[in-house]
Amino acid sequence: MKTDAQIKQDILDELVFEPNIDETQIGVIVENGIVTLSGVVNEYFKKALANKVAKRVKGVKAVAEDIEVKYGDEYAKTDKEIAKAAVNALEWNATIPSEKVEIFVEDGYIYLSGEVTWSHQREAAKHTVQNLLGVKGVVNNIEITPLLKADNIEDQITKALELNTSIMAKGIRVQVDGDTVQLKGRVHSIKERELIEKTAYKAAGVRNVQNEIVVQTYPEFV
């Protein structure tokens, strides 16, 4: 099993090879597999990318992200300007039913709400606005309201997990109650945990996914 020092070094090594991140701006602390990221960056996507990098490192159980986004005066935007840019960006993305997404901006933070029919639409809405100039963060409160009736959800998810070579699905338990899915089991990385959740959301009729999968590093995975 990896030590905290080894996990920290792995994260730092990953950051070094990310061309869009200056690794000297990111602080990394690891305690019992829980990672805390700190520092100051000049664009939100760098903050999101640092978080993503940490999550894909084996041995990381959770990530607490405390990176601050500070734009220079020449790139600063008012909340009104950010809101306008967000509306335009969503309207240009054909995969998102923009008329069903509501946008609220406060102090550079975008709050998304509304209802869509698929999880990928909710994720697309977040990714579409998070890279806009002036954005400090995105809070995604969009809900999923499936058009299709929940039917054979457990079988759909189980088969999808078995077919996905990126997922070690053995031991993952899927329980379904109406349109809500509960996931249990253990995996060796946050990335795998999130991938299983995304797979569950792709099943027709799923509205909510309760992800109770535990991240645990096993010796054979190290």
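**View 1. Ser-119 is buried, at a relative accessible area of 11%.** Buried here stands for under 20% relative accessible area, exposed for over 50%, and partly exposed for anything in between, using a 1.4 Å probe and protein chains only. What you're looking at is a predicted model, where local features need pLDDT of at least 70, side-chain atom pairs count only at pLDDT 80 or more, and totals for chains, interfaces and linings use all residues. Residues are numbered from 1 along each chain as its sequence is written, and side-chain values use heavy atoms, with hydrogens and water left out. Ser-119 sits in helix H4; helices (H or I, at least four residues) and strands (E, at least two) are DSSP runs numbered from the N terminus. Leaving aside residues up to four places away in sequence, Ser-119 touches Ile-144 and Tyr-201, a contact being heavy atoms within 4.5 Å.

**View 2. Trp-118, Leu-147 and Leu-148 make a nonpolar patch on the surface.** Together they offer about 330 Å² of accessible area, worked out by the Shrake-Rupley method with a 1.4 Å probe, with only the protein chains shown counting as cover for residues. To join a patch, a residue needs over 30% relative accessible area and no salt bridge; nonpolar side chains (Val, Leu, Ile, Met, Phe, Trp, Tyr) are joined within 5 Å, like charges within 9 Å. Trp-118 belongs to the loop between strand E5 (109–116) and helix H4 (119–130). Its relative accessibility is 31%, so Trp-118 counts as partly exposed.

**View 3. Val-63, in strand E3 (residues 62–69), has a set of contacts from elsewhere in the chain.** Setting aside residues up to four places away in sequence, Val-63 touches Val-35, Leu-37, Asn-51, Ala-54, Lys-55 and Ile-190. Take Leu-37: it is 26 residues from Val-63 along the chain, yet their C-alpha atoms are separated by 7.5 Å. Val-63 still comes out as partly exposed, with a relative accessible area of 21%.

**View 4. Lys-47 and Glu-65 pair up in a salt bridge, with 3.8 Å between the closest N and O atoms.** Lys-47 is in helix H2 (residues 44–55) and Glu-65 in strand E3, so this pair ties together parts that are 18 residues apart in sequence. The rule for a salt bridge is a side-chain nitrogen of Lys or Arg within 4 Å of a carboxyl oxygen of Asp or Glu, and the model has 8 by that count. Lys-47 is buried at 10% relative accessibility, while Glu-65 is partly exposed at 29%.

**View 5. Arg-207 reaches Glu-143 through a salt bridge, the closest N and O atoms again being 3.8 Å apart.** Arg-207 comes from the loop between helix H6 (190–201) and strand E11 (208–211), and Glu-143 from strand E7 (residues 143–144), so the link ties together parts that are 64 residues apart in sequence. Arg-207 is partly exposed at 24% relative accessibility, and Glu-143 is partly exposed at 42%.

**View 6. Salt bridges also involve Lys-2, Asp-10 and a three-residue network.** The Lys-2 and Asp-10 side chains meet at 2.7 Å, N to O. Asp-10 is partly exposed, at 26% relative accessibility. In the network, Glu-14, Glu-18 and Arg-56 are linked to one another by salt bridges.

**View 7. Strands E8 (residues 173–177) and E9 (residues 180–184) run antiparallel and are joined by 5 bridges.** Two strands pair if DSSP finds at least two bridges between them. Across the hairpin, Gln-175 stands opposite Gln-182 in E9. The turn leaves 2 residues between the strands, and Gly-178 takes a positive phi near 70° there.

**View 8. Asn-32 and Asp-107 each show a positive phi of about 55°.** Most residues other than glycine have a negative phi. Neither Asn-32 nor Asp-107 is a glycine. Asn-32 is in the loop between strand E1 (26–31) and strand E2 (34–41), and is exposed, with a relative accessible area of 56%. Asp-107 is in the loop between strand E4 (101–106) and E5.

**View 9. An unreviewed UniProt entry places the feature "domain: BON" at residues 3–71, 78–146 and 149–217.** The positions use the numbering of this model, feature names are shortened, and annotations may be inferred rather than shown by experiment. Over residues 3–71 the chain is 36% helix and 32% strand, with 36 Å between the end C-alpha atoms. Over residues 78–146 the chain is 38% helix and 29% strand, with the end C-alpha atoms 35 Å apart.
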